[in-house]
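Student: I should like to take a close look at a single part of this structure, the surroundings of the ligand. Please treat that part in one connected account and relate it to the rest of the chain.

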Amino acid sequence: MNKLPINASSQCMTWQVRIRTKLALLIAMAASPTGAAGLDAQVLAGSCVNCHGPEGRSPGAIPPIAGLAEDALKAKLIAFKSETPPAGTTIMNRLAKGYSDAQIADLARYYARMKPAAAVSAGAKP
Ligand code: HEC
């Protein structure tokens, strides 16, 4: 007759812990900014940093984009990408064409979650 290893119950516990850890990892991955576009939104946003700053709070004349409503950000980027960008557009019409609609949606979600410049300068925690 097969004897159970002495530490069978503790091995059982180890497996439970491992499964829980894996589940927690899966849940964390599902909540990560990787969206429909396949690329991490942070990677996509890397090219926005030059002009809009690392946290979307563009210093200078370029409009800040952190903390704008997700729908508004998406609508603006789609408008830039369209054949009839808003009057006065200088560069975003050309840039927006480089992103798929799914990537634009991810970028909008990414910047909408950031604290707007006004909240930061008012002393709110970033
Ligand atoms: C070369 C500089 C530059 C880069 C890079 C750039 N932007 Fe812009 N962005 C601008 C300028 C300038 C405007 C004002 C509109 C215009 O003149 O094109 C603007 C406007 C915007 C607006 C509209 C803001 C408002 O309130 O009207 C959004 C949204 C935006 N950019 C998002 C992005 C995202 C997302 C990226 C990265 C994918 C990005 N921008 C990369 C320069 C840049």
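Which helices each supply at least two residues of the shell around the ligand?

Tutor: The model is a predicted one, and the account below should be read accordingly. Helix 3 (49–52), helix 4 (70–81) and helix 5 (92–96) each give at least two residues to the shell around the ligand. That shell holds 17 residues, of which Cys48, Cys51, Pro63, Thr90 and Met92 come nearest to the ligand. Sorted by class, the shell comprises 11 nonpolar, 5 polar and 1 charged residues.

These helices belong to a protein chain with 7 helices and 0 strands, so that its elements, read from the N terminus, run α-α-α-α-α-α-α. Of the 126 residues of the protein chain, 15% count as buried. Among contacts in the chain with a separation of 6 or more, 61% join residues 24 or more positions apart.

Helix 4 links the ligand shell to the interior. Besides supplying at least two residues of the shell, helix 4 is, with helix 2 (41–45) and helix 6 (101–112), one of the elements that give two or more residues to the largest nonpolar core. This core has 14 residues, and Leu77, Leu107, Ala108 and Tyr111 have the most contacts inside it. Its largest share, 6 residues, comes from helix 6. In soluble globular proteins, nonpolar side chains tend to be buried together.

Helix 6 therefore merits description in its own right, given its share of 6 residues in the core. Helix 6 has 12 residues and reaches 16 Å from its first C-alpha to its last, close to the 16 Å expected at 1.5 Å a residue. Its buried residues are Ile104, Ala105, Asp106, Leu107, Ala108, Tyr110 and Tyr111, and the buried residues of helix 6 pack against helix 2 and helix 4. Tyr111, leaving aside residues up to four places away in sequence, touches Gly56, Ile65, Ala66, Leu68 and Leu73.

Confidence varies along the model. The mean pLDDT of the protein chain is 80, and 63% of the residues score at least 70. Among the elements, helix 4 has the highest mean pLDDT (98), whereas helix 1 (residues 8–30) has the lowest (54). Over residues 25–32 pLDDT stays under 50, and the model has 0 contacts beyond four places in sequence for them. Where pLDDT is low, the predicted coordinates should not be read in detail.

Key:
Residues are numbered from 1 along each chain as its sequence is written. A residue is near a molecule or strand if its C-beta atom, placed from the backbone, lies within 6 Å of it. Helices (H or I, at least four residues) and strands (E, at least two) are DSSP runs, numbered from the N terminus. Ala, Val, Leu, Ile, Met, Phe, Trp, Tyr, Cys and Pro count as nonpolar, Asp, Glu, Lys and Arg as charged, and the others, Gly among them, as polar. A residue is buried if 20 or more other C-beta atoms lie within 10 Å of its own, exposed if 12 or fewer, and partly exposed in between; C-beta atoms are placed from the backbone. Two residues are in contact if their C-beta atoms, placed from the backbone, lie within 7 Å. A nonpolar core is a set of buried Ala, Val, Leu, Ile, Met, Phe, Trp, Tyr and Cys residues joined through C-beta atoms within 7 Å. pLDDT is the predictor's confidence in each residue, from 0 to 100. The expected span of a helix is 1.5 Å times one less than its number of residues.
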